[in-house]
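Reader: Hello! Could you take me on a close look at one part of this model, the sheet and what packs around it? I would love one connected account.

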Amino acid sequence: MVRLLFFLGLLLLILWSGYQSHQHPQLKFNSLLDRMTHPFDTRLRYRIAEVDPRFKLSLEQVQEISQQAAKIWKDGTGRDYFVYDPNAQLAIHLIYDERQIESEQRRTHLNQLEANQQQWRNKKQQLDHIEQELLETKQYLNLKRQQLDQQIQQYNQEKRTAHLNPMTGAYQQHLKEKQQNLQYNIETLKQEVSEFNQKISKLNQKVDELNALDQQLHDSVKEYKQRFQPHLFHKGLFNGKQIIIYEFESIDDLRLTLAHEFGHALGLQHTDDPTALMHPILKEQNFTDFRLTQTDRDLLKAR
């Protein structure tokens, strides 16, 4: 009788396990012991097994990031699909190899590129300011030239009038002083125009330098895009027993990569939607505040 009850219980457990696996495909990656001790828990259990120290992240930090990745699925579906368990069968490994080295080189190049772009913007802003000042100076010099022309015309008119009429000594002195003032103003204007032209020449030199820097930036951006192409998700791998992460550029990138591999653990394949978590290229997704797309939810329903 006891043996019969044992076999009936075992049969029921097998049937229940098969039903659960059909309804919740991720359960097949839990150990048999986990499924026996948690028969009604449909969450996939995972643990952090290895973090290469060259990533400069502790196990605790990676655990927290993995829980954030799991939360992406919870927030997007309203259901818990994953739970951290230090004794779980599914293990996450962070392996440091040539892919991460390339990723760090890409990040270094990008940081330098952004610094150069900021330098270009600063210089452009300075030149715009100088150009505005020179424009105002040009308007001032044009106005001053017009006023000086009027003063010269007035002086010449007074001089012609004086030749037709007898002049007193005081009036002659007045014309002489006026002529001297005009001569001084003419020389002053010439000097200001000369200084203005020198500033224009220097501005043109700086514009040429800025254009050369702009060309260098353009070439650098082109070289960066050619060298560091957006790539498929070979930065991570899910093989049924392990999630292996080979590279990431930031904490946000790691979180999204883990969430992507969690999607494979749920039985999801890649999609053509470039904004979806399950797209094979990380490029157009919102890294800092990602939320599951409708495409991701449709994949989950159709699995």
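**The sheet and its surroundings**

Author: Happy to! Helix α3 lies across three strands, β1 (44-51), β2 and β3, and runs at about 145° to β1. Please keep in mind that this is a predicted model. A second helix, α6 (residues 251-265), also packs on the sheet, where α6 touches β1, β2, β3, β4 and β5. The direction of α6 makes about 150° with that of β5.

Now for the sheet itself. Its 5 strands form an open sheet in the order β2-β1-β3-β5-β4, with mixed pairing. At the edges are β2 (82-84) and β4, each of which pairs on one side only. From one strand to the next, the twist averages 25°. As general background, strands of a sheet pair through backbone hydrogen bonds, either parallel or antiparallel.

Let us follow β5 and its partners. Strand β3 (residues 90-94) and strand β5 (residues 242-245) run parallel and are joined by 4 bridges. Within this pairing, Ile-92 stands opposite Ile-243 in β5, while His-93 has Ile-244 of β5 as its bridge partner.

With strand β4 (residues 236-238), β5 pairs in the antiparallel sense, over 3 bridges. Here Gly-236 is the residue that stands opposite Ile-245 in β5. The two strands β4 and β5 form a hairpin, with 3 residues between them. In that turn, Gly-240 has a positive phi of about 100°.

Back to α3, which also takes part in a pocket. How many residues does helix α3 give to the lining of the second largest pocket? Helix α3 (residues 59-77) contributes 5 residues, and this is the most given to that lining. In total, 13 residues line the second largest pocket. Those that lie nearest its centre are Ile-72, Asp-75, Asp-289, Phe-290 and Arg-291. By type, the lining of this pocket divides into 6 charged, 4 nonpolar and 3 polar residues. The space in the second largest pocket comes to about 230 Å³.

To tie this together, α3 lies across β1, β2 and β3, and the same helix gives the most to the lining of the second largest pocket. Helix α6, for its part, touches β1, β2, β3, β4 and β5.

Notes:
Residues are numbered from 1 along each chain as its sequence is written. This is a predicted model: local features need pLDDT of at least 70, side-chain atom pairs count only at pLDDT 80 or more; totals for chains, interfaces and linings use all residues. Side-chain values use heavy atoms; hydrogens and water are left out. On a 1 Å grid over the protein atoms alone, a cavity is a set of points where a 1.4 Å probe fits but cannot get out, and a pocket is an open set with protein on both sides within 12 Å along at least five of seven lines; lining residues have an atom within 4 Å of a point. Grid points are joined across faces, edges and corners, and a volume is the space filled by probe spheres set on the points. Ala, Val, Leu, Ile, Met, Phe, Trp, Tyr, Cys and Pro count as nonpolar, Asp, Glu, Lys and Arg as charged, and the others, Gly among them, as polar. Two strands pair if DSSP finds at least two bridges between them. Axes are lines fitted to C-alpha atoms, for helices over the stretch in contact, and angles run from 0 to 180 degrees between N-to-C directions. Contact means heavy atoms within 4.5 Å.
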